[in-house]
Amino acid sequence: MTAETSQTLDRGLRVLKLLADTDHGLTVTELSTKLGVNRTVVYRLLATLEQHALVRRDLGGRARVGLGVLRLGRQVHPLVREAALPALRALAEDIGATAHLTLVDGTEALAVAVVEPTWTDYHVAYRTGFRHPLDRGAAGKAILAARQAQITDPGYALTHGELEAGASGAAAPLVGVTGIEGSVGVVMLADSVPERVGPRVVDAAREVADALR
């Protein structure tokens with residue numbers, strides 16, 4: 001801690017991070033141990049966070065992340081979308097296919113930014129807000145592959161007909177972006193994805209990741 005930082009705010013943020021990393025919540029004693037402070041301090045931190053709906057406590061007294069964080073999270077998507085649009089536009093124009101940025105939302109893949117090419121006679125209509133299971137479609141499969149690979153270059157995923165009949169997709173995961181799990185991809189009306197598309201999608205995902213760092 002430096003003279004310019006707030007110890008209380010730092011502890012409150014650490015509480016939120018600890019709660020975000022667990023599915024079953026934490027008790028006051030567990031938080032006290034992890035933070036290295038006494039239980040009175042933890043009680044005060046939790047009471048303040050509860051006032052802002054950032055933390056809730058269940059009947060057993062375990063603290064969990066509150067619904068207030070969703071209101072904060074909703075403001076993240078526009079910022080991410082704005083940062084990703086230049087790379088998505090370039091990708092869509094280069095490949096001649098609909099480009100998209102997809103983020104993880106619970107157990108689903110959520111399209112948060114979509115750019116359609118301007119010069120093609122037809123292309124797949126893929127809308128912002130479209131959701132699908134992570135284990136279906138190139139966007140979700142690229143994300144799952146990155147989770148399993150645990151390396152800096154997990155490559156790209158290719159699929160055909162999993163989300164829309166006659167459509168093929170290619171996607172590469174975002175790598176090295178703290179707090180964001182997602183992928184960049186394209187979807188096209190084709191029986192298979194041309195060979196050059198996979199590497200181009202990887203490059204676009206790298207550009208978006210660089211813009212978000």
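User: Before we dig in, what counts as a contact for Val 186?

Analyst: Contact means heavy atoms within 4.5 Å. This is a predicted model, and in it Val 186, setting aside neighbours within four places in sequence, touches Leu 91, Ala 97, Thr 98, Ala 99, His 100, Ser 168, Gly 169, Ala 170, Val 197 and Val 201.

User: Which nonpolar core is Val 186 in, and which elements feed it?

Analyst: Val 186 sits in the largest one, with 31 residues, and is among those with the most contacts inside it, alongside Leu 101, Leu 174 and Val 184. Helix H5 (76–95), strand S3 (98–105), S4, strand S7 (167–173), strand S8 (182–189) and helix H7 (197–212) each give two or more residues to this core. H7 supplies the largest share, eight residues. Another core lies apart from it, with 15 residues including Val 15, Val 37, Val 42 and Ala 63.

User: Why is Thr 120 called buried?

Analyst: Buried means under 20% relative accessible area. Thr 120 comes in at 18%, so it counts as buried. Thr 120 is in the loop between strand S4 (108–115) and strand S5 (131–133).

User: What makes the Thr 120 and His 123 pair a polar contact?

Analyst: Their side chains are joined at 3.1 Å, and the cut-off for the N or O atoms is 3.5 Å, so the distance fits.

User: Why is the Tyr 126 and Phe 130 pair called edge-to-face?

Analyst: The planes are 65° apart, and over 60 counts as edge-to-face, so the label follows. The centres are 5.3 Å apart, within the 6.5 Å limit. A search of the whole structure finds one aromatic pair.

User: Are those two rings' residues buried or exposed?

Analyst: Tyr 126 is at 8%, under 20%, so buried. Phe 130 is at 32%, between 20% and 50%, so partly exposed.

Key. Residues are numbered from 1 along each chain as its sequence is written. This is a predicted model: local features need pLDDT of at least 70, side-chain atom pairs count only at pLDDT 80 or more; totals for chains, interfaces and linings use all residues. Side-chain values use heavy atoms; hydrogens and water are left out. Helices (H or I, at least four residues) and strands (E, at least two) are DSSP runs, numbered from the N terminus. Buried means under 20% relative accessible area, exposed over 50%, partly exposed in between (1.4 Å probe, protein chains only). A polar contact is a pair of N or O atoms within 3.5 Å; within protein, one must be able to donate a hydrogen and the other to accept it, and residues adjacent in sequence count only if both atoms are side-chain atoms. A nonpolar core is a set of buried Ala, Val, Leu, Ile, Met, Phe, Trp, Tyr and Cys residues joined through side-chain atoms within 4.5 Å. Rings of Phe, Tyr and Trp (its six-membered ring) pair if their centres lie within 6.5 Å; planes under 30 degrees apart count as stacked, over 60 as edge-to-face and the rest as tilted.
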